[in-house]
Amino acid sequence: MKYPLRNIRNRAWRFIGISYGWSTASFVFLPLCLLLISLSVQAQSVIDEQIRQLETDLLQINQNQQNIYQQFQMTQELRRNELQQQEEITSIPPMGTYPQTGAAPELGSAKMSDFLPEVTIGGSPPSYEEMVRKKQERQKRIQQYNSDLDRLHAQYQELETEKRVLMEQIIDLRRSKQQEELTR
């Protein structure tokens with residue numbers, strides 16, 4: 001019993017089914033397997049981290065899209081109000097319309113003032129130049145709203161494109177993760 005530790009080691013290897021000749025190879029093979037497993041686990045954690053980062057980016061894009069959509073709706077409503085005001089100024093109420101109360105007056109109870117727009121007495125009517133200036137200002141605002149709507153729509157579409165790219169990347173990463181799990 002010159003080398004008692006070696007005998008114990010050989011007996012242990014033989015007990016688990018590995019002969020002495022394989023023991024030196026197993027000392028190289030076992031750490032290599034452990035290294036590959038740890039690299040696989042690290043690769044999984046890297047893929048998981050990439051997926052989390054992409055999902056965070058996706059959430060940010062969704063929030064930006066919601067903000068842009070809200071801006072779009074507000075601008076659209078402002079434009080609609082300007083168009084409505086423009087129509088009210090240029091349109092004359094049709095003959096025989098009822099007053100703004102919403103109910104038809106009783107036969108013989110309607111007055112002519114119920115059918116005419118309100119007029120301030122004592123004030124002077126607006127000048128032609130002032131009306132033209134206000135109309136031009138309104139047209140400029142409407143044009144600005146139109147360009148803002150176009151810009152917001154383009155931004156929304158750009159974000160939608162970015163969102164699709166991120167979603168494809170997430171799907172690809174999840175597929176690669178599943179394939180790696182299946183190959184283990």
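**Close-up 1. Lys-163, a residue of helix α3.** In this predicted model, Lys-163 has a relative accessible area of 15%, and because the cut-off for buried is under 20%, this lysine counts as buried. Its side chain isn't left without a polar partner: there's a polar contact with the side chain of Asn-62, at 3.2 Å. Setting aside anything within four places in sequence, Lys-163 also touches Leu-58, Ile-61 and Gln-65, along with Asn-62 itself.

**Close-up 2. The largest nonpolar core, built from eleven residues.** Have a look for Ile-47, Ile-51, Leu-54, Leu-58, Ile-61 and Ile-68, then for Leu-152, Leu-159, Leu-166, Ile-170 and Leu-173. Helices α2 (20-90) and α3 (128-183) each put in at least two of these residues, and α2 is the top contributor with six. Two members of this core, Leu-58 and Ile-61, turn up again among the contacts of Lys-163. As a rule, nonpolar side chains in soluble globular proteins tend to be buried together.

**Close-up 3. Ile-47 and its contacts from further along the chain.** Ile-47 belongs to the core, and so does Leu-173; the two are in contact. Ile-47 also touches Ser-176, Lys-177 and Glu-180, once residues up to four places away in sequence are left out.

**Close-up 4. Stepping back to the whole chain, an α-α-α pattern.** You'll count three helices and zero strands here. Of the 184 residues, 16% are buried. Among contacts with a separation of 6 or more, 80% join residues 24 or more positions apart. The chain exposes about 15,300 Å², with carbon and sulfur atoms supplying 58% of that area.

Definitions and conventions:
Residues numbered from 1 in each chain as written. Predicted model: local features only at pLDDT ≥ 70, side-chain atom pairs only at ≥ 80, totals over all residues. Heavy atoms only, no water. Core = buried A, V, L, I, M, F, W, Y, C linked by side-chain atoms within 4.5 Å. Buried < 20%, exposed > 50% of the residue type's maximum accessible area, 1.4 Å probe, protein only. Helix = DSSP H or I, 4+ residues; strand = E, 2+ residues; numbered from the N terminus. Contact = heavy atoms within 4.5 Å. Areas by Shrake-Rupley, 256 points an atom, 1.4 Å probe, with all protein chains shown as cover. Polar contact = N/O pair within 3.5 Å; in protein donor to acceptor, adjacent residues only side chain to side chain.
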